[in-house]
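Okay, thanks for squeezing me in. Let me put the structure up on the screen, and then I'll talk you through it.

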Amino acid sequence: MKRIRFWGTRGSIPVALTAEGVRRKLVTALRSASGRTFANDAEIEKFVEGLDFADHGTFGGHSPCVEIETGGPDFVVCDLGSGVRPFGQDTLARSGGGPRTYHVFMSHVHWDHIMGLPFFTPAYIPGNKVVIYGGHAHLEAALRRQQEQPSFPVDFTTFRADISFVRLEPGKVHDIGGMRVLLKLQRHAGDSYGFRFESHGKTVIYSTDSEHDLGNRKETDAFVEFFRGADVVIFDAMYSLADAISVKADWGHSSNIAGVELCHAAGVKHLCMFHHEPANDDASIARVLADTRRYEEICRTGAPMKVSAAYDGMEIDL
Amino acid sequence: MQCPTHVYADVVVARAAGRIDFAGAQVLEDALRDAIAPEAGVRGIVVDLEHVDYISSVGLRVLMVASKAMRARKAVIAVASLQPVVAEIFEISRFHHVVDVRASVRDAVGAVSPHALAAYDAAGAADIP
C-alpha cells in the first residue's frame, strides 16, 4: 500500500461550505495579510499555507469514501458515500480510458455510505469490473433498492460494468487486490464492519460507524487486537465523549477520546479522525483536533502518536 | 487507586487518589455504588479529585452513570479540586457540560445542602485525610 486518499470524510450527510463560510475565511485571511505585500504568486501561496487550516481550507464535504492506493493495477475504495463521485471521475483520468477493476469494501449500507453509487461513472462503462465486498447479507439488495423508482430514475440494471458482490466472513483472512483483508463486526444499528488491510509491511484500519464501550474489557481487547500495530487507523470520532455516552449513547458512533485510548493501547502510529459530525463547522473540527492532540500528549506512555482530522482531498503517504 | 467515602449529613464525599484508569474506574464505581442507590437518601455526591492525576474515558463513564442515576431522583453529583491536567480532560471530553465542576469540596458540598456544609465545617480538617 502506498497512499490513503480521502474523497468523503463527513458523517451522516454531505455538508457544503456556504457563501457565508467562504466570506468569513476571506475576511480572516485578508485581516491576517493586513499591511503585507506579495512579490509573486509563490509568496501568496506560502502565506496561505501559513494560515490555520480552518481559515484557508475546509474539512468538507462528501459522505464517506476512502481510497487506498495499493501500487497495483486495481482501484481499492472503502464505502460508496457521495465522495465516490469525484473518486470515479479521478480514476477515469488516471486509468487513461482502459478497463479497470474496482474493489469496494462496504462498512454497512446506511444511506450516507451508499448514496454515491448512482453517480459512480466507472460503473456505467462496459469492460470495468466492480467487486463489492461486505459482511452484510443484504448488501446487494440495499444497493439495488436505492436506485428503484421512485427514489432514483436510473435503475441498477443500467450499469454496464461487470458488478458482483462478495460476502466476507469476519475473523477470516481474505486475499483481495494484493492485500490481506480482515473484517470485524462493530457496534452500530444494523451492524457495521471494520476492515484491516495489510500489504508490503503496512497496515491500514478503516473503522467507521462504530460505538465503543471501553468499560467492556472483552470488547475493547478485541478492538485493540484488531488495530494492533497499524500504521493508520481511520476512526469514527463523530462525537465528544460526553455526547457519545449520554444524549447520543446507542447512536452507533464514537469519540476522539476513545480513539486515542484504543490506538494508544494498540500501538498505532497515526490516528485519523473521520466521519465528522455534520453540525460541526471547520473551526469546531479544528478545535476538536487540537484537543485530541493534547489528550494524546496527556495520556501518552510511549512514542508519540500522530493525530489528524481527515478532510476531502487529504492524502496520507504510507 | 483509592477512594474512601465520608458522609456529611445528606452529602457523600468520595476522595479519590491515584489514576482513574480501567482498574481505578472499578474502585470509583464501587465507592459510589451505595451512595447512588435510591434507598441511601443521599442528596448529593462530591468526588474530590485533588489527588487524581489522570482520568480515562472509563472513569468518566462511571461519573456519567452516577450522574444519570442521581439526576433520576433529583439529586446531584459534582467533582471538585481538579488538577490542571484533569480539568483539561474534562474540557476535552466536554464533561464539564455534564458534571458540575467546583473549585473546592467545600464549595461543592455547600452547593448541595446547607446541612451538609455545616457538618463538613464541623468535621474540619480532622476528618480529611
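I'll go through chain A, then chain B, and finish with how they meet. One thing up front: this is a predicted model.

So, chain A. We're looking at 10 helices and 14 strands here. How does the radius of gyration of chain A sit against a compact globule? For 318 residues you'd expect something near 20 Å, and chain A comes out at 20 Å, so the two agree. If you want a box for it, the C-alpha atoms of chain A fill roughly 60 × 50 × 40 Å along the principal axes. As for burial, 45% of the 318 residues in chain A count as buried. And if you take the contacts in chain A with a separation of 6 or more, 73% of them are between residues 24 or more positions apart.

Now, domains. The assignment for chain A gives two pieces: domain 1 covers 3-17 + 58-317, and domain 2 covers 19-55. Notice that domain 1 comes in two stretches of the chain. The centres of domain 1 and domain 2 of chain A, taken over C-alpha atoms, are separated by 32 Å. The contact between them takes four residues from domain 1 of chain A and five residues from domain 2 of chain A. On the domain 1 side of that contact, you get three nonpolar residues, one charged residue and no polar ones.

Next, the sheet in chain A. Seven strands make an open sheet, and the order is β6-β5-β4-β3-β2-β1-β14, with mixed pairing. Which strands sit at the edges? Those are β6 (162-167) and β14 (315-317) of chain A, each pairing on one side only. On average, neighbouring strands of this sheet are turned by 20 degrees against each other, if you ignore direction. Look at the β14 end for a second. Strand β1 of chain A, residues 3-8, is joined to β14(A) by three bridges, and the two run antiparallel. One pair you can click on there is A:Arg5, whose bridge partner in β14(A) is A:Glu315.

While we're in chain A, let me zoom in on one residue, A:Ser107. You'll find A:Ser107 in the loop between β4 (101-106) and α5 (111-114) of chain A. Is A:Ser107 buried or exposed? Buried, because A:Ser107 has 29 C-beta neighbours inside 10 Å, and the cut-off for buried is 20 or more. Leaving out residues up to four places away in sequence, A:Ser107 touches A:Cys78, A:Asp79, A:His113, A:Ser192, A:Tyr193, A:Thr208 and A:Asp209. For another distance, take A:Val181: 74 residues from A:Ser107 along the chain, with 13 Å between the two C-alpha atoms.

Right, over to chain B. Here there's an open sheet of five strands, in the order β1-β2-β3-β4-β5, and again the pairing is mixed. The edge strands of that sheet are β1 (5-8) and β5 (100-102) of chain B, pairing on one side only. Neighbouring strands in this one are turned by 25 degrees on average, direction ignored. Starting from the β1 edge, four bridges join β1(B) to β2 of chain B, residues 11-20, and those two run antiparallel. In that pair, B:Tyr8 stands opposite B:Val11. Further along, β3(B) and β4(B) run parallel and share five bridges. There, B:Val46 stands opposite B:Ala78.

Why is β4(B) largely enclosed by the rest of the structure? Because four of the five residues of β4(B) are buried.

Then the helices on that sheet. α3(B) lies across β3 (44-55) and β5 of chain B, at about 110 degrees to β3(B). Helix α4 of chain B, residues 105-112, lies across β1, β2, β3, β4 (76-80) and β5 of chain B, and runs at about 165 degrees to β4(B).

Last bit: the place where the chains meet. How many residues are in contact there? We've got 17 residues of chain B against 16 residues of chain A. On the chain B side, α2 (57-72) and α3 (84-92) each supply at least two residues. The largest share of that side, five residues, comes from α2(B). By class, the chain B side has 10 nonpolar, four polar and three charged residues.

That's my tour, so fire away.

Key:
Residues are numbered from 1 along each chain as its sequence is written. Chains are lettered from A and ligands numbered from 1 in the order in which they are written. This is a predicted model: local features need pLDDT of at least 70, side-chain atom pairs count only at pLDDT 80 or more; totals for chains, interfaces and linings use all residues. Two residues are in contact if their C-beta atoms, placed from the backbone, lie within 7 Å. Ala, Val, Leu, Ile, Met, Phe, Trp, Tyr, Cys and Pro count as nonpolar, Asp, Glu, Lys and Arg as charged, and the others, Gly among them, as polar. The radius of gyration is taken over C-alpha atoms; the globule rule is 2.2 Å times the number of residues to the power 0.38. A residue is buried if 20 or more other C-beta atoms lie within 10 Å of its own, exposed if 12 or fewer, and partly exposed in between; C-beta atoms are placed from the backbone. Two strands pair if DSSP finds at least two bridges between them. Axes are lines fitted to C-alpha atoms, for helices over the stretch in contact, and angles run from 0 to 180 degrees between N-to-C directions. Domain bounds come from an automatic or database domain assignment.
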